[in-house]
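Thanks for coming. I have one structure to go through this morning, and I will keep to what can be read from the coordinates.

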Amino acid sequence: MPIEFQGPGQVLVLFRVNGRPVSVSVEPRRTLLSVLREELGLTGAKLGCGYGTCGACTVMVDGQTVYGCLTLAIDCQGREVRTVEGLGEGEKLHPVQAAFIEYDGYQCGFCTPGQVMSAVALLDANPRPTPEDVRREMAGNLCRCGAYPNILRAVLAAAERVPAAEEKEG
Ligand code: FES
Ligand code: FES
């Protein structure tokens, strides 16, 4: 899908966010994170470091986690973006969100949306992870509060509740 230039320094980017089609006119230098937060009002993903270290900005593009602060919005042309706002169904939380609450997988909560997105992606790819799998796959999400033990418990508890792909099909 070609990018449409809209005059000096502006391009029209078309993509989907949490299942909905979105079109935004932005400067090519704008990050996905800034467009989500400032143009679309989706403030779940957070700006922490801004240079790919902390993971607070983690969202999914076509099912893969990315750092929103390092991803240009124009790179999302024609793609499906998923944010923490798109996980639940109405009032019903995603099992990972519910497990984070139940197991106190956060303190200040700043890192939590990114942690949750990484956990959802992990369980999509590996529905029955070991503790070591969780530590390794979520190493890109830092927590200044040091809530790691409870984050680990929450992800392992969620794994017990998220049906594995083959179970869903059966
Ligand atoms: S804000 Fe993107 S990795 Fe820290
Ligand atoms: S809960 Fe505070 S940074 Fe993780």
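I will start with the whole chain, then take helix 1, then the pair formed by helix 2 and helix 5.

What you have on the screen is a predicted model. The protein chain contains six strands and six helices. Reading from the N terminus, the order is β-β-β-α-β-β-β-α-α-α-α-α.

On overall dimensions, the C-alpha atoms occupy a box of roughly 50 × 40 × 30 Å along the principal axes. The radius of gyration is 16 Å, which agrees with the value near 15 Å that a compact globule of 170 residues would have. Of the 170 residues, 36% are buried. If we take contacts between residues at least 6 apart in sequence, 58% of them join residues at least 24 apart.

Now helix 1, residues 32-39. Its buried residues include L32, L33, V35 and L36. What do the buried residues of helix 1 pack against? They pack against three strands: strand 3, residues 20-26, strand 4, residues 58-61, and strand 6, residues 80-82. After helix 1 comes G41, which has a positive phi, near 70°.

Next, the helix pair. In general, two packed helices are described by the angle between their axes and the distance between the axes. Here helix 2 covers residues 95-102 and helix 5 covers residues 148-161; their axes come within 8 Å and cross at roughly 135°. The two helices are therefore oblique to each other. The crossing of helix 2 past helix 5 is right-handed.

Which residues meet there? From helix 2 we have P95, V96, A99, F100 and E102, and from helix 5 we have A154, A157, A158 and R161. Sorted by class, this contact has seven nonpolar residues, two charged and no polar ones.

I will finish with one residue from that contact, F100, in helix 2. Is F100 buried or exposed? F100 counts as buried, because 26 C-beta neighbours lie inside 10 Å, and the cut-off for buried is 20 or more. Beyond its neighbours within four places in sequence, F100 is in contact with G105, Y106, T112, V116 and A154. Of these, A154 is also one of the helix 5 residues in the contact with helix 2. There is also R153: it lies 53 residues from F100 along the chain, and the C-alpha atoms of the two are separated by 8.5 Å.

That is what I have; questions are welcome.

How values were computed:
Residues numbered from 1 in each chain as written. Chains lettered and ligands numbered in written order. Predicted model: local features only at pLDDT ≥ 70, side-chain atom pairs only at ≥ 80, totals over all residues. Helix = DSSP H or I, 4+ residues; strand = E, 2+ residues; numbered from the N terminus. Rg over C-alpha atoms; globule rule 2.2 N^0.38 Å. Buried ≥ 20, exposed ≤ 12 C-beta atoms within 10 Å, placed from the backbone. Contact = placed C-beta atoms within 7 Å. Axes fitted to C-alpha atoms, helices over the stretch in contact; angles between N-to-C directions. Parallel < 35°, antiparallel > 145°, perpendicular 65-115°, else oblique. Left-handed = near helix turned anticlockwise from the far one by under 90°. Nonpolar A, V, L, I, M, F, W, Y, C, P; charged D, E, K, R; others polar.
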